[in-house]
Amino acid sequence: MLEGSILKQLVDGRTEPDTTPLNYGVYYKNTLVALCHALEDYILTSGSAPLVVTAFQRGKWYLQEADRYGAIADKAQKIVIMASPEAGFHDHPTSQRSNVTLVDLADNDPVAQEWHLMILSPDYTAMVLCQELSEADYGKAGVPDNDLERKFYGFWTFEPDLVRETVELAIAHVDPYNPTLAAELTEALARLRQQNPAMDNPEAADVGYAVTQVVQYLQNRRQDLQGDRTFQLLEDLDQNLISNELQAFLRMAQLVDLCDPVNPFASSEVVALLEMMGQLLELPAWQLQRLRLAGMLHRITPMADASPLETEAPSCPLVAEVQALRLMPRLRAIAAIITHQSERWDGKGHPAGLAGDAVPLESRMLGVVAEFQRRFAQARQQATEPTPEAPLLTQVLASCQAEAGERWDPKLVEILGLMVMGLQQGMSLPMIPTRITLGSGLLNPDLDDQAPLFQSSSELLSRQ
């Protein structure tokens with residue numbers, strides 16, 4: 001990372017052990033264009049009046065986007081654009097808007113090598129924070145001829161605390177160039193906090209539409225790549241776009257956890273429990289992988305109380321987050337698993353009122369494990385004094401055992417009992433890191449084409 005860059009300052013300042021990990025990745029410019037357009041265009045429909053801070057490297061890159069930034073300026077409270085100045089940079093009509101200010105970066109300013117987009121409002125926050133790879137980083141292949149094949153290192157997020165922290169760093173960076181602007185931005189930041197003190201912890205559902213839009217923009221970009229012979233790294237560009245589609249969902253799931261003060265580690269703990277249960281059931285690697293993704297994403301879909309639907313076949317309710325998952329062919333099986341996690345063994349659940357082995361095995365596993373984890377987290381939080389985990393595990397297990405044969409698959413509750421016994425005897429969960437990477441390792445090209453979801457638990461459990 002470049003010394004003095006905003007990305008480096010952010011990393012250096014996050015030394016506390018409880019800070020959210022930064023999820024770095026390498027992004028092609030082709031991906032960043034689609035990603036930034038999706039995040040920016042949400043401003044046009046969200047009804048927010050955000051503070052927008054951007055860094056375009058050079059003025060010529062800003063000029064390519066200046067017209068669309070005119071439309072964004074109609075909605076934004078303030079737009080600040082940092083870039084190395086070039087002819088025409090200040091002459092464009094958008095640059096002369098009253099709420100748009102340009103900051104001419106010095107040639108030796110490390111921010112001139114960065115690509116930033118920071119959007120901060122009480123009800124919508126998003127950020128891209130990247131810097132371009134150096135010539136040495138490209139290796140023997142050198143810097144690509146096609147501009148869209150250039151690479152950047154960094155991350156993107158919806159997390160409000162992180163966006164605000166970075167905006168503060170950007171304001172400090174602007175100060176030597178334009179102290180008056182820096183003071184104005186500091187006041188704007190304070191006003192945003194006053195407008196909605198809860199902006200530190202917004203409802204994660206607020207980003208649901210933005211996530212759907214990101215996925216759609218990335219998929220449109222993939223379609224544009226098809227048959228384009230101007231690219232030398234066509235397959236790599238395509239994979240980068242796919243990975244970021246998954247990242248969008250993972251970031252939304254992470255935000256759901258961050259917004260839950262009682263149970264902020266739910267997804268990672270559910271994944272760990274599913275791994276343990278899947279190993280005890282001797283499930284194949286592809287099925288464990290499917291469970292892992294379902295565990296990571298299971299909280300993005302609200303488990304609303306609803307009466308069973310009268311239907312002859314499994315169905316997917318029209319929940320925006322589930323439908324968004326289905327936009328990715330390789331996540332359609334995951335969407336089905338998550339959708340049916342609220343079915344019951346006795347057929348009185350929802351959305352389809354499925355019973356017994358008609359409920360997908362992974363959905364049965366996810367349902368009982370997620371509920372066990374939720375109850376255990378609540379028991380820990382409600383304990384009036386420090387309590388050993390063993391009796392809490394016994395208490396929560398007993399509550400699940402009381403519902404075996406009605407809400408839960410009895411065989412899976414038996415397996416859960418073995419897991420609790422192991423945990424009480426000192427067995428550790430195979431914890432999955434909460435750090436989100438590009439996600440390519442989580443996506444198997446054949447993930448959606450494996451064995452069907454509807455399998456008999458007795459058939460699988462006969463192996464034990």
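**Strands, cores and a helix pair**

Let's start with one bridge: Leu-129 is paired with Phe-155 in strand 7. Keep in mind that this is a predicted model. From that bridge we can go on to the rest of strand 7, then to the nonpolar cores, a helix pair and a buried glycine.

**Strand 7 and its partners**

- Strand 7 covers residues 151–157, and five of these seven residues are buried, so the strand is largely enclosed by the rest of the structure.
- Strand 6 (residues 125–132) runs antiparallel to strand 7, and six bridges join the two.
- Strand 1 (residues 25–28) also pairs with strand 7 in the antiparallel sense, with four bridges between them.
- If you want a spot to look at in that pairing, try Val-26, which sits opposite Tyr-153 of strand 7.
- As a general reminder, side chains in a regular strand alternate between the two faces of the sheet.

**Nonpolar cores**

- The largest nonpolar core has 98 residues, and the members that touch the most others are Leu-39, Met-277 and Leu-297.
- Helix 8 (residues 234–258) gives this core its largest share, 10 residues.
- A second core, separate from that one, has 31 residues, among them Met-127, Leu-162, Leu-169 and Leu-181.
- Back to Met-277: beyond its neighbours within four places in sequence, this residue contacts Met-365, Val-368, Val-369, Leu-412, Ile-415, Leu-416 and Met-419.

**Helix 5 against helix 6**

- Two packed helices are described by the angle and the distance between their axes.
- For helix 5 (residues 160–174) and helix 6 (residues 179–195), the axes come within 8 Å and the crossing angle is roughly 160°.
- Angles over 145 degrees count as roughly antiparallel, so that label fits helix 5 relative to helix 6.
- The crossing of helix 5 past helix 6 is left-handed.
- On the helix 5 side, the contact involves Arg-164, Val-167, Glu-168, Ile-171 and Val-174.
- Helix 6 answers with Leu-181, Ala-182, Leu-185, Thr-186, Leu-189 and Arg-193.

**A glycine in a loop**

- Gly-356 lies in the loop that links helix 12 (332–339) and helix 13 (361–382).
- Is Gly-356 buried or exposed? Its relative accessibility is 12%, and the cut-off for buried is under 20%, so Gly-356 counts as buried.
- Setting aside residues up to four places away in sequence, Gly-356 touches Arg-344, Trp-345 and Arg-364.
- Gly-405 is 49 residues from Gly-356 along the chain, and their C-alpha atoms are separated by 8.9 Å.

Methods: Residues numbered from 1 in each chain as written. Predicted model: local features only at pLDDT ≥ 70, side-chain atom pairs only at ≥ 80, totals over all residues. Heavy atoms only, no water. Buried < 20%, exposed > 50% of the residue type's maximum accessible area, 1.4 Å probe, protein only. Pairing = 2+ DSSP bridges. Contact = heavy atoms within 4.5 Å. Core = buried A, V, L, I, M, F, W, Y, C linked by side-chain atoms within 4.5 Å. Axes fitted to C-alpha atoms, helices over the stretch in contact; angles between N-to-C directions. Parallel < 35°, antiparallel > 145°, perpendicular 65-115°, else oblique. Left-handed = near helix turned anticlockwise from the far one by under 90°.
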